[in-house]
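Trainee: I'd like to learn how to read a protein structure. Could we go through one together, a question at a time?

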Amino acid sequence: MKTKTLQFIPTLLSLVVIIFSYFSQWCSEAGQICFRTVLDQMIPEITYPLYFFALYFLPLAIILIFIPRLLFNSWLKFAVLALPVLFIFITFTPVNFTGIGMNFFPFYRDDAARLSGEVFSALSLLLIVWKYFASRSR
């Protein structure tokens, strides 16, 4: 039971990020409660990219609940290395395209978060399937 609780944490984190995104949008649009606060200023820079990453990560997080512990540990080693790289990629992507100066990426931070979520989920699924068949062939 303890192992399944640990494997439920990625799903829980994804759901918390998605709920926080909807709450922050509601709070900013509902009126004066969050208008011109830190939460209102975080929406384009932090909340939207986290939402898009969590949205693409959620199906994988649900799958992680049901896989064996050995596969989860392999995925966790991959995630510890890949997630910081992806978050650095998202962080250094500009929030808005200004058209002035040198932009290394021809897209916005939201697009970088979507791309990172898709790539991370695809690579994670490939790793899980590969480790599953490798453990079955022994």
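**Rings, core and charges**

Mentor: Gladly! Let's begin inside: phenylalanine 57 and tryptophan 75 are both buried. Keep in mind that this is a predicted model.

Trainee: How are the rings of phenylalanine 57 and tryptophan 75 arranged: stacked, tilted or edge-to-face?

Mentor: Two values decide this. The ring centres are 6.1 Å apart, and the cut-off for a pair is 6.5 Å. The planes meet at 25°, and under 30 degrees counts as stacked, so the pair phenylalanine 57 and tryptophan 75 is stacked.

Trainee: How many residues apart in sequence are phenylalanine 57 and tryptophan 75?

Mentor: Look at where each one sits. Phenylalanine 57 belongs to helix 2 and tryptophan 75 to helix 3. The pair therefore links distant parts of the chain, with a separation of 18 residues.

Trainee: What helices and strands does the chain have, and in which pattern?

Mentor: The count is 4 helices and 0 strands. Following the sequence from start to end, you read the pattern α-α-α-α.

Trainee: How many aromatic pairs are there in the structure?

Mentor: Ring pairs join several residues into a cluster, made up of Phe53, Phe57, Phe72, Trp75, Phe78, Phe87 and Phe120. For the structure, the number of aromatic pairs is 11.

Trainee: What is the geometry of the pair between phenylalanine 53 and phenylalanine 87?

Mentor: Their centres are 5.2 Å apart, with 55° between the planes. Stacked pairs need an angle under 30 degrees and edge-to-face pairs one over 60. An angle of 55° fits neither, so this pair is tilted.

Trainee: Which parts of the chain does that pair tie together?

Mentor: The two rings are 34 residues apart in sequence. Phenylalanine 53 lies in residues 38-66 and phenylalanine 87 in residues 69-91, so the parts tied together are helix 2 and helix 3.

Trainee: Is phenylalanine 87 buried, partly exposed or exposed?

Mentor: Take its partner for practice: phenylalanine 53 has 7% relative accessibility and counts as buried, since the limit for that is under 20%. Phenylalanine 87 has 34%, and exposed would need over 50%. That makes phenylalanine 87 partly exposed.

Trainee: Which helix gives the largest share of the largest nonpolar core?

Mentor: This core has 22 residues, and Phe57, Leu60, Leu64, Trp75 and Phe120 touch the most other members. Helix 2, helix 3 and helix 4 each supply at least two of the residues. The largest share, 9 residues, comes from helix 2.

Trainee: What does leucine 64 touch, apart from its neighbours within four places in sequence?

Mentor: Leucine 64 is one of the core residues that touch the most other members. With those sequence neighbours set aside, its contacts are Gln7, Pro10, Phe57, Phe72, Trp75 and Ile128.

Trainee: Where does serine 14 lie, and which residues does serine 14 contact beyond its close sequence neighbours?

Mentor: Serine 14 is in helix 1, which covers residues 2-30. Its relative accessible area is 4%, so serine 14 is buried. Leaving out neighbours within four places in sequence, serine 14 is in contact with Ala54, Phe57, Leu58 and Ala61.

Trainee: Is alanine 61 buried or exposed, and what does alanine 61 contact?

Mentor: Alanine 61 lies in helix 2. With a relative accessible area of 0%, alanine 61 is buried. Beyond neighbours within four places in sequence, its contacts are Pro10, Thr11 and Ser14.

Trainee: Which two residues form the salt bridge?

Mentor: Side chains of opposite charge can pair when their charged atoms come close. Here the count is 1 salt bridge. Its closest N and O atoms are 2.9 Å apart, and the partners are aspartate 111 and arginine 114.

Trainee: In which helix do aspartate 111 and arginine 114 lie?

Mentor: Aspartate 111 is partly exposed at 29%, and arginine 114 is partly exposed at 27%. They are 3 residues apart, about one turn of the helix, and both lie in helix 4.

Trainee: Over which ring does the charged end of arginine 114 sit?

Mentor: Arginine 114 is also the salt-bridge partner of aspartate 111. Its charged end lies 3.9 Å from a ring centre, and that ring belongs to phenylalanine 52.

Note on methods: Residues numbered from 1 in each chain as written. Predicted model: local features only at pLDDT ≥ 70, side-chain atom pairs only at ≥ 80, totals over all residues. Heavy atoms only, no water. Phe/Tyr/Trp six-rings, centres within 6.5 Å; stacked < 30°, edge-to-face > 60°. Buried < 20%, exposed > 50% of the residue type's maximum accessible area, 1.4 Å probe, protein only. Lys NZ or Arg CZ within 6 Å of the ring centre and 35° of its normal. Core = buried A, V, L, I, M, F, W, Y, C linked by side-chain atoms within 4.5 Å. Contact = heavy atoms within 4.5 Å. Salt bridge = Lys/Arg side-chain N within 4 Å of Asp/Glu carboxyl O.
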